[in-house]
Structures are given as C-alpha cells and as structure tokens.
Amino acid sequence: MVIKVFLASSSGSTAIKKKQQDVVGFLEALKVDYTQLDIACNEDNRMWMRQNVPEDRKPTNGIPLPPQIFNEESYCGDYDTFFDAKEDNSVYSFLGLPPPPGSKEAEKADKADIVENGTHAEETNTVGNLDDLIAHAEEEEGQEEEDLQSEEEEELRQLEEEEEAEVQEDEEEDLEETQEEEAE
C-alpha cells in the first residue's frame with residue numbers, strides 16, 4: 001500500500017507550506033512509504049484529489065487545500081485530521097497501515113485487546129464483555145467530567161477570592177488615603 005500525499009509545490013501560503021512539511025517530515029521520520037503528488041504542476045493530480053475527497057470532508061467553498069492524504073484510493077484525511085492522529089499516537093490507523101511492533105500505537109492496540117480480568121478479548125464472550133467495557137468507559141468518562149468540573153469550580157473560586165482580596169486592599173488603601181487627607 002502506498003500513501004499518497006497531495007501537495008502544492010508552488011503555494012504562496014506559508015501556512016500550507018508548513019503543513020505540507022509537517023506531514024512529509026513526520027512520514028519520513030516514521031519511514032512510511034509515500035508518494036508526493038504535486039497539484040500545482042499537474043492538473044490530473046489536482047482533479048483526482050478534488051474528486052476523491054469526500055463531500056462531507058470538503059471545506060465550505062468546496063475546494064480542498066493541500067495537504068490531502070490517501071492510502072491508494074482510500075481517503076485518509078487532511079492536515080487537521082493527520083495532526084489529531086499524530087497527537088493521539090494513531091497515525092498508522094489514520095493511514096490504514098498496521099503499526100510496527102513496539103510502537104506506541106501497537107502497544108495501545110495490544111492493551112485494547114486485553115480486558116480487565118487479564119485475558120485476551122478473543123478468549124472471552126465478546127458480546128457480554130463489550131457491554132461491560134462500554135459501561136465502564138462511560139463511568140470513567142462521567143467521572144473525568146465531574147473531576148474536570150470540580151477543578152474548574154475550584155479555580156473559579158480561587159480567582160474570585162483573589163479578586164475579592166484585591167478589591168478589599170484597594171478599599172483599605174483608599175480609606176487610609178482619605179483619613180490622611182482629612183488629618184491634614
């Protein structure tokens with residue numbers, strides 16, 4: 001499988017150039033086999049890219065900007081989805097490639113195959129465990145939201161206390177100045 005990266009060699013936009021460099025540099029660092037296809041110098045490449053980006057993934061003006069990434073004929077995504085996959089350590093999944101052994105993504109996939117009791121998912125009744133895993137994930141998600149909300153409330157409370165202390169200090173200073181002026 002060959003990854004196709006559609007680029008514009010003569011883009012006037014520095015933002016597009018940086019995004020293209022980021023994608024290409026990361027693919028090279030991972031030693032992923034890919035092909036660069038220039039849409040600035042080759043009308044066929046430009047038309048193929050525009051026609052094969054799914055409608056729901058095109059920007060509001062309907063013209064997708066480079067870089068656009070495909071696995072053979074299958075659309076993977078644009079720079080933003082690539083960046084999200086990079087941040088989540090799931091670039092190989094994003095590209096539709098198996099992760100190399102020992103990579104963070106491969107370790108994550110291995111952990112996903114192991115259920116709570118330590119057995120591999122394929123050794124258990126997957127239907128029952130799937131429901132349990134979903135329920136457990138929902139519980140964890142709810143707890144994370146509660147924790148986040150508690151943290152936000154605590155930060156807000158601290159900010160309010162600091163503001164209140166500043167206001168009180170200002171009022172005390174104003175009172176002292178007023179008393180000094182009256183004393184003179």
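This is a walk through one helix, the salt bridges and the aromatic pairs of the structure above. Please keep in mind that the model is a predicted one.

Let us begin with helix α1, which runs over residues 14–29 and so contains 16 residues. From its first C-alpha to its last, α1 reaches 22 Å, close to the 22 Å expected at 1.5 Å a residue. Just at the start of the helix, look for S13: one of its side-chain oxygens comes to within 3.3 Å of the backbone nitrogen of A15. At the other end, α1 is followed by K31, a residue with a positive phi, near 60°.

Now turn to the two faces of this helix. Which residues of α1 are buried? They are I16, Q20, V23, V24 and L27. Because these residues cover an arc of only 90° around the axis, they sit on the same side of α1. The general background is helpful here: an α-helix has 3.6 residues a turn, so residues three or four places apart point the same way. On the face turned away from the buried side you will find the exposed residues T14, K18, Q21 and A29.

What do the buried residues of α1 pack against? Their partners are three strands, β1 (3–7), β2 (34–38) and β3 (68–71), together with two helices, α3 (79–87) and α4 (91–95).

Helix α3 is also a good place to pick up the charged pairs. Side chains of opposite charge can pair when their charged atoms come close. In this model the count comes to four salt bridges. One of them joins D22 to K86, with N and O 2.9 Å apart. This pair links distant parts of the chain, since D22 lies in helix α1 and K86 in helix α3, 64 residues apart. Is each partner buried or partly exposed? D22 is partly exposed, with a relative accessible area of 22%, whereas K86 is buried at 18%. The cut-off for buried is under 20%, so these two values fall on opposite sides of it.

Another salt bridge connects K4 with E73, and here the closest N and O atoms are 3.5 Å apart. This one, too, links distant parts of the chain: K4 belongs to strand β1, while E73 is in the loop between β3 and β4 (74–78), 69 residues away. K4 counts as buried because its relative accessibility is 17%.

A local pairing makes a nice contrast. R46 and E43 meet in a salt bridge at 3.3 Å, N to O. Both belong to helix α2 (residues 43–52), and because they are three residues apart, about one helical turn separates them. R46 counts as partly exposed at 23% relative accessibility, and E43 counts as partly exposed at 44%.

Finally, let us visit the aromatic rings. A search of the whole structure finds seven aromatic pairs. In one of them, the rings of F26 and F82 have their centres 5.9 Å apart and their planes at 80°, so the pair is edge-to-face. F26 lies in helix α1 and F82 in helix α3, so the pair ties together parts that are 56 residues apart in sequence. F26 is partly exposed, with a relative accessible area of 23%, while F82 is buried, at 0%. Elsewhere on your tour, look for F6, W48, F70 and Y75, which form one aromatic cluster.

Definitions and conventions. Residues are numbered from 1 along each chain as its sequence is written. This is a predicted model: local features need pLDDT of at least 70, side-chain atom pairs count only at pLDDT 80 or more; totals for chains, interfaces and linings use all residues. Side-chain values use heavy atoms; hydrogens and water are left out. Helices (H or I, at least four residues) and strands (E, at least two) are DSSP runs, numbered from the N terminus. The expected span of a helix is 1.5 Å times one less than its number of residues. Buried means under 20% relative accessible area, exposed over 50%, partly exposed in between (1.4 Å probe, protein chains only). The arc is that of the directions from the helix axis to the C-beta atoms. Contact means heavy atoms within 4.5 Å. A polar contact is a pair of N or O atoms within 3.5 Å; within protein, one must be able to donate a hydrogen and the other to accept it, and residues adjacent in sequence count only if both atoms are side-chain atoms. A salt bridge is a side-chain nitrogen of Lys or Arg within 4 Å of a carboxyl oxygen of Asp or Glu. Rings of Phe, Tyr and Trp (its six-membered ring) pair if their centres lie within 6.5 Å; planes under 30 degrees apart count as stacked, over 60 as edge-to-face and the rest as tilted.
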